[in-house]
Amino acid sequence: MQYKIFVVEDEPDISGLLVKILEEADYRAVQAFSGTEAGLLLEREMPDLILLDLMLPGMSGEELLADIRENRQSNVPVLIISAKDALSDKVALLQGGADDYITKPFEPEEVLARIQAALRRVGKGPAGEKILTYKNLKVYMDSRKVTVGGKEVGLTAHEYDILCLLMQNPGKVYSRETLYEMIWHGGYYGENNTVNVHVSNLRKKLKEKDEGEEYIQTVYGIGFKLQ
């Protein structure tokens, strides 16, 4: 799985260097050159990790971090990359919700090591648990946990099984008959509304956590697939 990392840095040379480091390590990098631009990106999707400068135009790095933790209630890993090297700055940011603090100038190997450590802590489950990712949605296969934008979603066993099946084959349309037979392990006779009810409840729960995004599409006359 290719992890998506937001690089929030206003200096083009430093931003470009970080993107190069990430892409060479097979990460997908998305650039933002101000705190305000990063905030707009976060409205659309939540990345797997954020590299965050502090001295940014518009919204500062400190303000963006507070917005991520307090307003968005997200636990996405945030690694500060800053020229500020005072111990008091580092302590304040770590207490404010940052996962790590890297001082400029930095070595590429250190940046990658810190990223890998942060992703191991929150991006991978126990013993390298397999995680399915789509938009802001993550499904943890072993622990049967589902998060949207870092917020956990409480699903019933059948709701989880439906979502997991759709996530494993994002381009495939599943008929109601197929879903019923695969999830409930029984025959489907057409008049049973069970699948529709469970998909409706699943949509509602995902919508509560992420109002601006749609995850499940109804293919009329056929069934359901990921949006």
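Axes here are lines fitted to C-alpha atoms, for helices over the stretch in contact, and angles run from 0 to 180 degrees between N-to-C directions. With that in hand, we can walk through this structure, which is a predicted model.

Let's start with helix H7 (residues 176-183) and H8, whose axes come within 9 Å and cross at roughly 85°. Angles of 65 to 115 degrees count as roughly perpendicular, so H7 is roughly perpendicular to H8. On the H7 side, the contact is made by Arg-176, Leu-179 and Tyr-180, while H8 brings Thr-194, Val-195 and Asn-196. Sorted by class, this contact of H7 with H8 holds three nonpolar, two polar and one charged residues.

H8 has a second crossing to show. The axes of helix H6 (residues 157-168) and helix H8 (residues 194-209) come within 10 Å and cross at roughly 85°. That angle makes H6 roughly perpendicular to H8. From H6, the residues that make the contact are His-158, Glu-159, Ile-162 and Leu-163, and from H8 they are His-198, Val-199, Asn-201, Leu-202 and Lys-205. By class, the contact of H6 with H8 counts four nonpolar, three polar and two charged residues.

Now for the sheets. Strands of a sheet pair through backbone hydrogen bonds, either parallel or antiparallel. This model offers examples of both senses, beginning with an open sheet of five strands in the order E2-E1-E3-E4-E5, where the pairing is parallel. At its edges are strand E2 (28-32) and strand E5 (100-103), each of which pairs on one side only. From one strand to the next, the twist averages 20°. Helix H4 (residues 87-95) packs on this sheet and touches strand E4 (78-82) and E5, with a direction that makes about 150° with that of E5. For a closer look at one pairing, take strand E1 (residues 4-8), which runs parallel to E2 and is joined to E2 by five bridges. Within that pairing, Lys-4 has Arg-28 of E2 as its bridge partner.

Two loops that adjoin this sheet's edge strands hold backbone details worth a look. In the loop between helix H1 (12-24) and E2 lies Asp-26. Phi of Asp-26 is near 70°, a positive value in a residue other than glycine. The loop between E5 and helix H5 (108-122) contains Pro-105. The peptide bond from Lys-104 to Pro-105 is cis, and its omega is near -5°.

Further along the chain comes an open sheet of four strands, ordered E6-E7-E8-E9 and paired in the antiparallel sense. Strand E6 (131-134) and strand E9 (151-152) stand at the edges, each with a single partner strand, so one side of each is left without a neighbour in the sheet. Strand E7 (residues 137-140) and strand E8 (residues 145-148) run antiparallel and are joined by four bridges. Here Val-139 stands opposite Val-146 in E8. H6 returns at this point: H6 packs on the sheet, touching E6, E7 and E8, and its direction makes about 110° with that of E7. H6 is thus a helix to keep in view, as its axis also comes within 10 Å of that of H8.

Another set of pairings centres on E12. Strand E11 (residues 216-219) is joined to E12 by four bridges, and the two run antiparallel. E11 and E12 form a hairpin with three residues between them, and Gly-221 in the turn has a positive phi of about 85°. E12 (residues 223-226) also pairs in the antiparallel sense with strand E10 (residues 174-175), over two bridges. Phe-224 is a handy landmark in E12: Thr-218 stands opposite Phe-224, and Tyr-174 has Phe-224 as its bridge partner.

We can finish with a pocket. How much space lies in the second largest pocket? The volume is about 240 Å³. Its lining has 15 residues, and the closest to its centre are Leu-42, Glu-43, Arg-72, Lys-151 and Asp-210. Helix H2 (residues 35-44) gives the most to this lining, with three residues. What is the mix of nonpolar, polar and charged residues in the lining of the second largest pocket? The residues divide into three nonpolar, four polar and eight charged.

Technical notes. Residues numbered from 1 in each chain as written. Predicted model: local features only at pLDDT ≥ 70, side-chain atom pairs only at ≥ 80, totals over all residues. Heavy atoms only, no water. 1 Å grid on protein atoms, 1.4 Å probe; cavity = no way out; pocket = protein on both sides within 12 Å on 5 of 7 lines; lining within 4 Å. Points joined across faces, edges and corners; volume = space filled by probe spheres on them. Nonpolar A, V, L, I, M, F, W, Y, C, P; charged D, E, K, R; others polar. Parallel < 35°, antiparallel > 145°, perpendicular 65-115°, else oblique. Contact = heavy atoms within 4.5 Å. Pairing = 2+ DSSP bridges.
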